[in-house]
Amino acid sequence: MAQVSLKNVCKIFPGNVSAVNNVNMGIENKEFMVLVGPSGCGKSTTLRMIAGLEEISSGDIFIGNKRVNDVPAKDRDIAMVFQNYALYPHMTVFENMSFGLRLRHIPKQEIIQRVGEAADILGIKRLLNRKPRELSGGERQRVAVGRAIVRKPMVFLFDEPLSNLDAKMRVQMRTEIHKLHIRLQTTIIYVTHDQVEAMTMGDRIAVMKDGVLNQLEDPIDVYDHPKNKFVASFIGSPPMNIMQGRIIKKEGRLYFDEGKIQVKLVEDMYKKMGNYLGNEVFFGIRSEDIYDKLFVSDAPPENIVKVNCEVFEPMGSEVYLYLNTGRHTFIARVGAHDRPKVNQEMEVVFDMSKVHFFDKNTEETII
Ligand SMILES: Nc1ncnc2c1ncn2[C@@H]1O[C@H](COP(=O)(O)OP(=O)(O)OP(=O)(O)O)[C@@H](O)[C@H]1O
Ligand SMILES: [Mg+2]
């Protein structure tokens, strides 16, 4: 069993740099866990502490049921794939993949078998006699993964393994690693700052900011119910639109007043949002929850707003509209054939049953 758990784990670097702050996290056996967050939030440091490459300042790490704080990296039964995977240039693919096994004095026959199996899984059998310089970026990446697979570890750690690849190859390798997880049935902890990678690969994702774990849930829960304004705007592409404004009351109804536009809240939200009457809040709406009024027949008049369309970007399957209220710019995703006139007023409809509100001071989610 290879569950991994972190209990109150902190890392303070010399100079009092707090890189990881009291992180609690349980990764289940065979789970694909993704650590995601902006640059410098402590992802690599967390991974390196799990691998045993970085000392823990305080707290405990368990692999299986064993506390590993004082277990050296080589005895943790973990294999790590780094961003800069640095293959040995003078060795062939076979020699690169078998290097760790040879150091461990594994019998030759078994090495040949394990490298063969790994090469088969990764589709690189025909490359075994080549040198790294004779490989494409994606093939080199596969060899680096192969080097980890042959060790048959209990846990794989990946630190941004795809960031050196071009966009197309990244998408391809993303699927490959996903398939690999299904095939190998091992625990994987995968670090990325790319929220699309996180959403698409993780059984669960752990969103970090400034060394603090903000939310740990399955990707759709994080997308639909972000815990705070940071998670809301970090997960999702394009990011959630956030506007600042005030909750007001008109004729017994609650509205969000942005300054230029006003939209009526759905009644389910009255109880919670009533507490914020007269106060400033952050309002959040995802781009797919905004529609061009031209294509909606029964929009409630209170949810229709007049905005200026500054730019539109046809993406093929959909169009992104960059809209301006006069105070905030925001993005709507509309149908592929929508072609609004640029720099003219247009009407859009907000699906108010899908919106979010965040406390102005704490930035925690209200709804
Ligand atoms: N050896 C070190 N000494 C001092 N500070 C460090 C050291 N290593 C990392 N840090 C700091 O700790 C913080 C977390 O770094 P870490 O490498 O874990 O970030 P990250 O989330 O992996 O970022 P990235 O996405 O850029 O790789 C950063 O502020 C970094 O400057
Ligand atoms: Mg890093």
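A nonpolar core is here a set of buried Ala, Val, Leu, Ile, Met, Phe, Trp, Tyr and Cys residues joined through C-beta atoms within 7 Å. In the predicted model, the largest such core comprises 66 residues, of which Val34, Leu35, Leu157, Ile189, Tyr190, Ala206 and Val207 touch the most other members. The surroundings of Ala206 illustrate this arrangement: with residues up to four places away in sequence left out of the count, Ala206 touches Met25, Met33, Val34, Leu35, Leu213 and Leu216. A second core, separate from the largest one, consists of 24 residues and includes Met243, Ile290, Phe350 and Phe358. In soluble globular proteins, nonpolar side chains tend to be buried together.

At the level of the whole chain, 35% of the 367 residues are buried. The secondary structure consists of nine helices and 20 strands. Along the principal axes, the C-alpha atoms fill a box of roughly 80 × 45 × 35 Å. When contacts between residues at least 6 apart in sequence are considered, 65% of them join residues at least 24 apart.

Helix packing was examined for helix H2, which spans residues 93-103. The axis of H2 and that of helix H4 (residues 137-149) come within 7 Å and cross at roughly 30°. Because angles under 35 degrees count as roughly parallel, H2 and H4 are therefore roughly parallel to each other. The crossing in which H2 passes H4 is right-handed. On the H2 side, the contact is made by Val93, Asn96, Met97 and Gly100, and on the H4 side by Val143, Gly146 and Arg147. Sorted by class, the residues of this contact are three nonpolar, three polar and one charged.

The packing of H2 against helix H3 (residues 108-122) was also analysed, with axes that come within 10 Å and cross at roughly 130°. That angle makes H2 oblique to H3. H2 passes H3, too, in a right-handed crossing. Phe94, Met97, Ser98, Leu101 and Arg102 of H2 make this contact with Ile111, Arg114, Val115 and Ala118 of H3. The contact of H2 with H3 has six nonpolar residues, one polar residue and two charged residues. Met97 of H2 thus appears both in the contact with H4 and in the contact with H3.

Terms used:
Residues are numbered from 1 along each chain as its sequence is written. Chains are lettered from A and ligands numbered from 1 in the order in which they are written. This is a predicted model: local features need pLDDT of at least 70, side-chain atom pairs count only at pLDDT 80 or more; totals for chains, interfaces and linings use all residues. Axes are lines fitted to C-alpha atoms, for helices over the stretch in contact, and angles run from 0 to 180 degrees between N-to-C directions. Helices (H or I, at least four residues) and strands (E, at least two) are DSSP runs, numbered from the N terminus. Angles under 35 degrees count as roughly parallel, over 145 as roughly antiparallel, 65 to 115 as roughly perpendicular and the rest as oblique. A crossing is left-handed if the near helix is turned anticlockwise from the far one by less than a right angle, and right-handed if clockwise. Two residues are in contact if their C-beta atoms, placed from the backbone, lie within 7 Å. Ala, Val, Leu, Ile, Met, Phe, Trp, Tyr, Cys and Pro count as nonpolar, Asp, Glu, Lys and Arg as charged, and the others, Gly among them, as polar. A residue is buried if 20 or more other C-beta atoms lie within 10 Å of its own, exposed if 12 or fewer, and partly exposed in between; C-beta atoms are placed from the backbone.
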